[in-house]
Amino acid sequence: MITEGYTRSAGIRKITPAMVAARTTAEALPLQAVEMSDLYRYLRQGRSILGLTCQQTELLCYLIAFTQPADWSGEDDVLPVSTASNLDIQQRFDLGRTRVKTLLRELAEAGWLLYRDSPNGQRYRRSGPFAPRGQQAYGFDLSPLARRFDDVERAAQTALWRQQEGRRLHREVTMIARTIYALFQTADEAGLTVKDRQQILARTSALVGQRGTDRDPQWLDPICEELRQIHDQLERDISYLQEVEHHPEETKASSLLTVESDPMGSPERPQYTNTNPSTLAKATVRADGFAENCIEATRSRPSSSSRVAEHQAPPPSAADPLRGFRAKPTFVLHIAPIFRQYCSSDRPAETQIIQAALYACEQLGISRHAWAQGQAVFGDYPNAVVIAAIAARTDAGEVRSPGGLLRAMISRYLSGQLALDRTLYGLAEKLKNGPTVVQ
């Protein structure tokens, strides 16, 4: 009795159901013209989004190198076919034969390449005057990369956004934590006692430690959100304690009002309407030194003019601290090179100068309390110019205590005796004499 059956012949490639499904899906998509350089860049940038390992990505880039730019023209009769042999791949990546076959099968099942086997099982390319280049090539058909190019580009853009957002959130965790510590310092200088101080500090430190070195936005975003809530609540508590200290009787009377009789709260109490919870960009301080908000700026945005207490308003004769001197941001960078490391360009905006001034105070030894007083009295940008002038004189060896000089300038301004324009004109003259005079 003769039985009929099928026996797999040697040399015939095994085709899995995943390969068949991947081929059907890929061939249903239209070809499009792409650049080889874009493929290299997008594959490496978006490999994690595409589900490719580093080894698989480099193998695809190696196979692309066996093609020509004309193969990626998007024409139906021209296909990008790589003729790289398994031995070439083994020697290039220092892998064994079995591992190379496994990698190629995984790429084929994922739909990143198609097998085009020749009748004799060899990989080669033949070209003739009447034979299109793609139709006479056998090996690895990389046309799925051209068909799925939109997905590859979108994955690269997503990966780049995640990388940038992760870095921003990683920095923002540090900035918010420093702001929380600064608020406690402000409360200590004002003699205020914050409830649950140790618990808040412990939780802040735990969140910073939980951040670690990770740059994943999905991991960092909840940490930043909790730190923002801690910061907002702490700021409200300090402002309330401040109000109680300055107006104890009015605050006590307003706290006895019911919701029905006083639904909007006491008119003497500040209204806490946070219109931009994700931005930490204000530092409004009373001129006597008690901080209402002491928040380091984490994003550049225009700062509103600082408020000054009624009993310490600047004199009308000295409304402009600069007295008409046009201190542009580029001029500030020239007289105070210490600001350059905190600015992203040589032509920064005023908001970047304001933020750089806050960071420069730490290097100059100017306390946050003195900086807050200067911002309340001079204003946001003029205060940054004042700090730049102090930094220039400090570098020249003319100042021993930058913080003391800042407080002295505040007192002179309030009494109408500050001539800041003369100082700035003098620094400008030194710049004309040579770049090494003011460093």
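A salt bridge is defined here as a side-chain nitrogen of Lys or Arg within 4 Å of a carboxyl oxygen of Asp or Glu. By this criterion, Glu165, Arg168, Glu172, Glu225 and Arg228 are linked in a network of salt bridges, and a search of the whole structure finds 14 salt bridges. The structure is a predicted model, in which local features need pLDDT of at least 70 and side-chain atom pairs count only at pLDDT 80 or more, while totals for chains, interfaces and linings use all residues. Residues are numbered from 1 along each chain as its sequence is written, and side-chain values use heavy atoms, with hydrogens and water left out.

The secondary structure of the protein comprises 17 helices and 3 strands; helices (H or I, at least four residues) and strands (E, at least two) are DSSP runs, numbered from the N terminus. Of the 439 residues in the protein, 45% are buried, where buried means under 20% relative accessible area, exposed over 50%, and partly exposed in between (1.4 Å probe, protein chains only). Contact is taken as heavy atoms within 4.5 Å. Among contacts between residues at least 6 apart in sequence, 68% join residues at least 24 apart.

Side chains of opposite charge can pair when their charged atoms come close. Within the network, Glu172 forms a salt bridge with Arg228, and the closest N and O atoms are 2.9 Å apart. Glu172 belongs to helix α8 and Arg228 to helix α10, so this pair ties together parts that are 56 residues apart in sequence. Both partners are buried: Glu172 has a relative accessible area of 3%, and Arg228 has one of 6%. A further salt bridge joins Glu226 to Arg203, with the closest N and O atoms 2.8 Å apart. Here Glu226 lies in helix α10 and Arg203 in helix α9 (residues 197–211), so the pair ties together parts that are 23 residues apart in sequence. Glu226 is partly exposed, at a relative accessible area of 27%, and Arg203 is likewise partly exposed, at 36%.

A salt bridge within one helix is formed by Asp151 and Arg154, whose closest N and O atoms are 3.0 Å apart. Both residues lie in helix α8, separated by 3 residues, about one turn of the helix. Asp151 is partly exposed at 36% relative accessibility, and Arg154 is partly exposed at 49%. Helix α8 (residues 149–189) also contains His170, which is buried with a relative accessible area of 13%. Leaving aside neighbours within four places in sequence, His170 is in contact with Arg211, Gly212, Thr213, Asp214, Arg215 and Leu220.

In helix α10 (residues 217–246), Asp232 was examined as a further charged residue. Asp232 is buried yet has no salt bridge; the nearest side chain of opposite charge, that of Arg236, is 5.2 Å away. For this assignment, Lys and Arg count as positive and Asp and Glu as negative, whereas His and the chain ends are not counted. The side chains of Asp232 and His231 are joined by a polar contact of 3.1 Å. A polar contact is a pair of N or O atoms within 3.5 Å; within protein, one must be able to donate a hydrogen and the other to accept it, and residues adjacent in sequence count only if both atoms are side-chain atoms.

Helix α15 (residues 380–395) has 16 residues, which at 1.5 Å a residue should span 22 Å; the end C-alpha atoms are 23 Å apart, in agreement with this value. The expected span is 1.5 Å times one less than the number of residues in the helix. Helix α15 is mostly covered, with 13 of its 16 residues buried. One residue of helix α15 is Ala388, which is buried at 0% relative accessibility. Apart from neighbours within four places in sequence, Ala388 is in contact with Val332, Ile335, Ala336 and Phe339. The C-alpha atoms of Ala388 and His334 are separated by 9.5 Å, although these residues are 54 residues apart along the chain. Just after α15, Gly397 adopts a positive phi of about 80°.

The strands form an open sheet of 3 strands in the order β1-β3-β2, with antiparallel pairing. Its edge strands, β1 (81–82) and β2 (114–116), each pair on one side only. Two strands are considered paired if DSSP finds at least two bridges between them. Strands β1 and β3 (residues 139–141) pair in the antiparallel sense over 2 bridges, and Ser82 stands opposite Phe140 in β3.
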